[in-house]
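Welcome, and thanks for taking a look at this one with us. Below is a short briefing to read alongside the structure.

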Amino acid sequence: MSEKEHPRLILHNFLSPAECKELELIHKSSSTIGYRPNVFSTTLSHLIATNSPHLIIPFVSIRERLKEKIEETFGCEYELFIEFTGLISWCKGASIGWHSDDNRSYLKQRDFASGEPVTVAPSAGDVIMYTADDRNIHSVDEVTDGERLTLALWFSRDSSHDEDSKLLSRLSQCTSHEVCLPLPASTNMYWFCPHQDGSNQNIGFDVCVARLHLLGFDVHSLQGEDHSTDASEQLMGPLQLAKGGKLLTRKFANILHALQVVQFYHWKASELVTSNVENDTLEEVKAMSHSQLETINALKSVFLLDENLVATTFGYSCSGEDRKDSLDLTGIALAVTSWEEYSCKLLKELLSSLPQWKTYQTIHKVESD
């Protein structure tokens, strides 16, 4: 197959390890059920809708670099628009057969795509760029273990499909300089069922609760103590984290808030100094009461129906750096401040960039003064 017949380009190490890790943090703290069985996704519009608009900042320079490379590689002598940006993870059992990325009538606007290599064993940071038409038929082999995370972008010449203009209309509401506390989407967007049609709701798990469980943490819903509260609302309100018979007394606004902090802790654990822990931080960790343990188990009976399914789906390794025993409640207490500082930094960049973005109707890297 010649490049002329099948125009494509593979770039190794296009994204740095640090960029890959930050994208992984965003996905594992924000993803919902995807469009195919055993697939999970995080889109930029979803980040804005769940009150986490600052998390689009790590994508900005990456999108810009990819667009420039696409234009250079394919000699584009016309304006190119980004149609879609999203993180997509493929878990055990996920696959897709041979197809082109414009293979539906509503996808004909797609001209170029970028993602992971198809016929080359992918490595973190690698990128493949190709035309979205039938000159580049491709597939994804079934994932047998682990979670394959891909940053997917599609590009179009049709300005009516410009993702930036749609995102900017949503970002126009962003005015607060305070830390953004995430707001979960509807519960069904986080419910994973191994049956695509969702016919058996007695098998499955909530993705947010499952990702916390994989890192060794249980959820104590303060609303769960009120037995009149509907189970679906327990993750939407204040809650606490527990582990090994201990409870972190600090309250989180909701399940997404707790998940973002824990995933941030997992990402930055080696950088967070815990040797000089303040006494008031230690005092935040208390022994659980019997009633609190009952509340935790009641929540698990609703949102974590099959713990084995969680481990099987995500192919989680409990060894090495992923060993969940290495994360503790004291570290979570310390991570809250660092997570807030990280969020504030991104939010500040977002708000300072927004005026230029609105002026030019494009989301691009704005150099600070």
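The expected span of a helix is 1.5 Å times one less than its number of residues. That rule can be tried on helix H3 in this predicted model, where the 17 residues 57–73 should span 24 Å and the end C-alpha atoms are 25 Å apart, which agrees. Here is the rest of the picture, topic by topic.

**Overall layout**

- The chain is built from 10 helices and 15 strands.
- Of its 369 residues, 50% are buried.
- Sequence-distant pairing is well represented: of the contacts between residues at least 6 apart in sequence, 78% join residues at least 24 apart.
- About 17,800 Å² of the chain is exposed, and carbon and sulfur atoms supply 48% of that area.

**Helix H3 and what follows**

- Which residues of H3 are buried? They are Ile57, Pro58, Phe59, Val60, Ile62, Arg63, Leu66 and Ile70.
- After H3 comes Gly75, with a positive phi near 55 degrees.

**The nonpolar cores**

- The largest nonpolar core holds 84 residues, and those with the most contacts inside it are Leu171, Leu241, Phe252, Ile332 and Trp357.
- Helix H10, residues 329–360, gives the most to this core, with 13 residues.
- Where does this core lie with respect to domain 1 and domain 2? Domain 1 (9–107 + 121–181) and domain 2 (187–347) both give residues to it, so the core lies between them.
- Ile332 shows how this packing looks from one residue: leaving aside neighbours within four places in sequence, Ile332 is in contact with Phe217, Leu241, Leu248, Phe252, Val261, Val262 and Tyr265.
- Another core, of nine residues, lies apart from the largest one; its members include Val39, Ile88, Val140 and Ala152.

**Pro184 and Met236**

- Pro184 sits in the loop between H4 and strand S10, residues 191–192. Its relative accessibility is 18%, so Pro184 counts as buried.
- Setting aside neighbours within four places in sequence, Pro184 is in contact with Thr50, Tyr190, Leu235, Met236, Asn254, Ile255 and Leu256.
- Pro184 and Thr32 are 152 residues apart along the chain, while their C-alpha atoms are separated by 10.0 Å.
- Met236 belongs to the loop between strand S12 (218–221) and strand S13 (239–243). With a relative accessible area of 33%, Met236 is partly exposed.
- Beyond neighbours within four places in sequence, the contacts of Met236 are Pro184, Ala185, Ser186, Thr187, Gln223, Ala253 and Asn254.
- Met236 and Ile255 lie 19 residues apart along the chain, with 6.4 Å between their C-alpha atoms.

**Ser159**

- You can find Ser159 in the loop between strand S9 (148–156) and helix H4 (163–171).
- Is Ser159 buried or partly exposed? Its relative accessible area is 47%, so Ser159 is partly exposed.
- Ser159 and Glu83 are 76 residues apart in sequence, yet their C-alpha atoms are 8.8 Å apart in space.

**Cysteines**

- A disulfide is a covalent bond between the sulfur atoms of two cysteines.
- With a cut-off of 2.5 Å between cysteine sulfur atoms, the count of disulfides comes to zero.
- Why does Cys180 have no such bond? The closest cysteine sulfur, in Cys174, is 6.8 Å from the sulfur of Cys180, which is too far for a bond.
- Cys180 has a relative accessibility of 10%, so Cys180 counts as buried.

**Positive phi outside glycine**

- Most residues other than glycine have a negative phi, which makes the next two worth a glance.
- Asn13 has a positive phi of about 60 degrees although it is not a glycine. Asn13 is placed in the loop between strand S1 (8–11) and helix H1 (17–28), and its relative accessibility of 59% makes Asn13 exposed.
- Asn51, likewise not a glycine, has a positive phi near 60 degrees. Asn51 lies in the loop between helix H2 (44–49) and H3, and with a relative accessible area of 31% Asn51 is partly exposed.

Technical notes:
Residues are numbered from 1 along each chain as its sequence is written. This is a predicted model: local features need pLDDT of at least 70, side-chain atom pairs count only at pLDDT 80 or more; totals for chains, interfaces and linings use all residues. Side-chain values use heavy atoms; hydrogens and water are left out. Helices (H or I, at least four residues) and strands (E, at least two) are DSSP runs, numbered from the N terminus. Buried means under 20% relative accessible area, exposed over 50%, partly exposed in between (1.4 Å probe, protein chains only). Contact means heavy atoms within 4.5 Å. Accessible areas come from the Shrake-Rupley method with a 1.4 Å probe; for residues, only the protein chains shown count as cover. A nonpolar core is a set of buried Ala, Val, Leu, Ile, Met, Phe, Trp, Tyr and Cys residues joined through side-chain atoms within 4.5 Å. Domain bounds come from an automatic or database domain assignment.
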